[in-house]
Each structure stands twice: as C-alpha cells, then as structure tokens.
Amino acid sequence: MTDPAATRSRDSWATRAGFILAAVGSAVGLGNMWRFSYVAAEGGGAAFVLLYLVFVAVIGVPIMTSEFVVGRMSQESPVVAVQRLGGPKWAPLGWMFVFCGFGILSYYSVIAGWTMRYALDATRGIIGTDAGAYFQSVATGVPAIVTHVIFMALTIFIVVAGVKRGLERAALVLMPLLFLLLVALAIWAATLGGGAAGYGYYLRPQLGELLDPNVIRLAAGQAFFSLSLGMGAMMTYASYLTSKENLGREAATVALCDFGVAFVAGLVIFPVIFHFGLSSTIGLGGAISDNTVGTLFIALPAGLDSLGTLGRVVLSTFFIMLFFAALTSSISLLEVVVSAVIDGWGWSRKQAAIWFGVMIALAGLPAAFNLNFLDAADKFVGNFLLIVGGFFTAILVGYTIPAKADAELAQGMTDPALRKAWAFFVRYLSPVLLLIVIWFMLPTAWNALVTLLTLGRG
Ligand code: TRP
C-alpha cells in the first residue's frame with residue numbers, strides 16, 4: 001500500500017452543514033417509506049416499530065459514530081481504511097462493503113424507477129382506484145427496466161459531474177418539504193374513518209411479539225438499511241470530513257431525522273390501509289406475497305385517488321419528493337463503489353462511475369423482471385450482509401483500534417463519560433445483539449441466497 005492520501009488531493013466537504021445534509025440525504029430515502037411500510041407490515045406493526053426505535057438508538061447511533069470515526073480518521077475509502085487501520089486481514093470486510101453497495105443499488109434503482117413512473121402517471125389519472133393492478137403492470141418487465149435505466153443514468157451523471165453541491169441544495173429544500181407533506185398527509189389520514197384499527201396496529205405493541213425472532217430480525221435489518229449502515233457509506237462520507245466536530249452528536253442528528261420521516265410515513269400508511277380495506281391486497285398478516293413489497297405503492301395511491309384531482313396532484317408531488325430522496329441515497333451507494341475504485345485502483349472518477357454504474361444497471365435487470373428476486377436481494381444484501389458488516393465494524397473499532405478510535409472521537413466529543421458509554425455500546429452491547437440478530441437471520445438469509453442463485457440462473 002502506497003500512501004495515496006499524501007500525494008492526491010481528495011474531495012472534502014465545504015461546510016459542516018454539507019456533511020450533515022449529505023448524511024441525512026443518504027439515510028432518508030426509499031427505506032423510510034417503501035421499505036419501512038412493508039417491513040413494518042410484515043413485522044406485525046407496533047412491536048416492530050418499538051424494536052426498530054430501540055435498535056436505532058442502541059445500535060444505530062453507536063455504529064454510525066464508529067463509521068464516522070473510521071472515515072474521518074483514515075481520510076480514505078472504506079476498502080483502504082479498514083486495511084490501513086486493522087491490517088491486511090480486514091481486506092475482505094472492505095470488499096464486502098463494495099459488494100453491498102453494488103448489490104443494494106442494483107435493486108434500489110428499480111424501486112426508485114417506480115417513483116418516477118408514479119409521479120408521471122399520478123396526475124394523468126392513470127393509476128386509478130385499482131392501484132394493485134396498476135402496480136403489477138409497471139413494477140416489472142419493460143416499464144420497470146426503462147425507469148431503472150433512466151434512474152441509474154441520473155445517479156451516474158451526478159456522481160461523475162460532481163454536481164453534488166447542487167443536489168445538496170435541492171435536498172435542503174426538498175427534504176423539509178417532503179417532511180411537511182408527510183405531516184399534512186398524516187393529518188388527512190387521521191380524518192379517515194376506521195383509522196383507529198390502523199393506529200392500533202401501528203402503535204400498540206403486543207408484548208409477546210417483542211421477543212419474536214422474526215420481528216427482532218426485521219427491526220434490526222431495517223435500522224441498518226434506513227440509517228445507511230453496515231457497508232461503509234457513512235464511512236465514505238466522513239472520509240471527506242476535515243473539520244473536528246462532535247461525531248456522536250452528528251450521528252444522533254442523522255438518526256433522529258431518519259426516524260422522524262419513517263415514523264410519520266407510518267402514520268400515513270397504516271390508517272390508509274385499514275380505512276380502504278387494503279390489508280388483503282398487500283398481503284398483510286398473510287403469507288409474504290409479491291404485493292407486500294408494494295405496500296406503499298398500492299395503499300397510498302388507492303387512498304389518494306379517492307380524492308379526485310387534488311389527491312392526484314398530492315400523490316404526484318409525494319412521488320417527486322420520494323424520487324429526490326431516493327437520488328440522494330443512491331449516490332451514496334454508488335459513491336462507496338466509486339471511491340473504492342478511485343482510491344484502490346487509481347481510476348478516474350468518471351471512468352469508475354460510468355463502468356461500475358453500467359454494471360450495476362445490468363445487475364439490476366433480474367430484480368426488474370421478478371419481484372421475488374428483488375425481495376431476495378433485499379433480504380440477503382440489504383438486510384443480512386449489512387448486519388454482518390455492522391458486527392465487524394464494531395469489532396474493528398471496539399477491539400482492534402479502541403485507543404485510536406477514542407482519540408479520534410475525542411476531537412469534538414470532549415466529554416469522557418460519553419465516550420466511555422459509546423465504547424461500552426460498541427464493544428459489548430452491539431456485538432452481542434448483532435450476533436443474536438445474525439443467528440435469527442440465518443434461515444431467511446439462506447433461503448434468500450438460494451432464491452437469488454436459482455432465479456439468477458433461470
Ligand atoms: N438509507 C437509504 C434509504 O433508507 C438507502 C441507502 C443508502 C443505504 N446508502 C445506503 C442502505 C448504505 C444501506 C447502506 O433509502
């Protein structure tokens with residue numbers, strides 16, 4: 001390993017706000033609305049939501065802080081960073097990060113493509129009341145491939161052109177707008193009759209379910225996905241950080257914003273599902289059907305369409321904002337791959353983004369053809385591997401470089417008691433909890449892997 005950092009001028013954030021905004025932009029995305037609503041439905045509602053909140057606080061924030069620490073300390077892409085800090089035997093962790101970025105983006109872009117399609121079709125009244133049928137007609141096959149390819153092209157363009165500043169500025173306006181729109185929608189949902197059942201499902205946990213391995217595994221996976229953890233995305237962003245702010249506080253800020261968006265989205269979705277009697281359409285409570293993946297894309301349009309023109313305009317606006325939220329997330333996924341190729345192989349940013357972007361677009365084709373493939377990819381890469389990545393990140397920071405990590409965190413987080421608490425979470429609580437989660441995940445991860453391999457070949 002030469003020392004590229006010494007000779008090469010690396011990108012860096014102009015301001016602290018730029019960094020936070022990018023990190024929030026990475027976290028807030030399809031995960032908060034598309035994934036949160038379908039996984040919460042799968043996980044039985046309220047018990048899932050409570051466990052999710054606990055995992056965000058006790059594992060999410062400490063692990064995100066760890067990723068920030070590693071990134072800022074190394075000023076390198078994750079692949080190089082983990083080896084420089086931990087030694088060559090950590091190389092596989094870095095490769096796994098890149099593999100995850102590659103894998104997640106390949107299907108993430110398919111779903112982001114749906115948002116584009118919905119934004120266009122909503123105002124034209126094409127979606128109609130039978131949103132389930134509409135979803136079936138655009139979620140796979142040629143329509144899905146077209147929007148998937150367009151979305152990948154946009155992502156590549158932004159990562160190449162370095163128009164991140166422009167996107168950041170757009171996000172600065174659009175994210176708060178998205179949140180306000182969600183709050184308005186939540187108020188509308190509250191006026192619907194029959195919403196009580198929806199709120200009950202979403203907010204009143206059954207104590208027994210809190211210990212259900214399935215609910216635990218879904219909640220932990222969702223925490224990692226939604227917070228963009230476990231694959232070096234937050235590490236990469238923090239590696240462009242040169243100033244010494246309080247990384248623990250930044251992590252808490254990002255987690256709070258991310259949770260807020262997901263929570264309010266749930267306040268919209270669940271009353272709507274129950275009011276419009278959509279539980280069976282989206283496979284709620286029953287076997288996992290193709291449609292579970294489409295919860296958000298079916299429930300919200302079906303509900304809003306009943307309001308006529310106004311509802312369609314609101315629906316279209318919602319999907320435009322969701323599209324932007326997805327874009328600020330997808331660039332962080334591609335950035336992990338691209339920064340690894342730039343720092344590791346010395347490629348130019350343009351070469352790396354185009355070549356790997358095209359490969360990712362191709363890798364997304366099976367997901368665009370088959371929702372079962374998409375679902376399996378999400379379960380294996382977007383769930384299981386992230387938890388594994390988080391576990392090893394905790395081991396690296398908590399056991400291999402604890403003193404260095406503490407010294408790095410101390411630059412900005414001056415309270416030693418807080419740092420002690422953080423070290424405890426990273427060394428003991430997170431690894432133990434994550435091991436339990438990994439154990440609970442093994443059967444589904446294995447099944448998902450088998451599905452990927454059989455469908456991928458067919
Ligand atoms: N967190 C994003 C979302 O909720 C998706 C995402 C972006 C992501 N970067 C990531 C997920 C890195 C896991 C890892 O939509």
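Begin by selecting serine 228, which lies just after helix α11 and takes a positive phi of about 60 degrees. The model on display is a predicted one, and this residue will return at a later stop.

Next, select residues 213-226, which form α11. This helix has 14 residues, and the distance from its first C-alpha to its last is 20 Å, close to the 20 Å expected at 1.5 Å a residue. At the N-terminal end of α11, display the side chain of aspartate 212, which acts as the cap. One of its side-chain oxygens is 2.8 Å from the backbone nitrogen of asparagine 214.

Now show the surroundings of the helix. Because twelve of the 14 residues of α11 are buried, the helix is largely enclosed by the rest of the structure. The buried residues include Val215, Ile216, Arg217 and Leu218, as well as Phe224, Phe225 and Ser226.

The tour then turns to internal space. The model contains five cavities of 30 Å³ or more, and the largest has a volume of about 150 Å³. To find this largest cavity, select Ser26, Tyr108, Phe225, Ser228 and Leu333, the closest to its centre of the 16 residues that line it. Serine 228, the starting point, thus reappears here.

Finally, colour the elements that give two or more residues to this lining: α2 (16-27), α3 (30-42), α6 (91-123), α11 and α15 (309-345). The largest share, three residues, comes from α15. Which classes of residue make up the lining of the largest cavity? Nine are nonpolar and seven are polar, with no charged residues.

Technical notes
Residues numbered from 1 in each chain as written. Predicted model: local features only at pLDDT ≥ 70, side-chain atom pairs only at ≥ 80, totals over all residues. Heavy atoms only, no water. Helix = DSSP H or I, 4+ residues; strand = E, 2+ residues; numbered from the N terminus. Expected span 1.5 Å × (residues − 1). Buried < 20%, exposed > 50% of the residue type's maximum accessible area, 1.4 Å probe, protein only. Polar contact = N/O pair within 3.5 Å; in protein donor to acceptor, adjacent residues only side chain to side chain. 1 Å grid on protein atoms, 1.4 Å probe; cavity = no way out; pocket = protein on both sides within 12 Å on 5 of 7 lines; lining within 4 Å. Points joined across faces, edges and corners; volume = space filled by probe spheres on them. Nonpolar A, V, L, I, M, F, W, Y, C, P; charged D, E, K, R; others polar.
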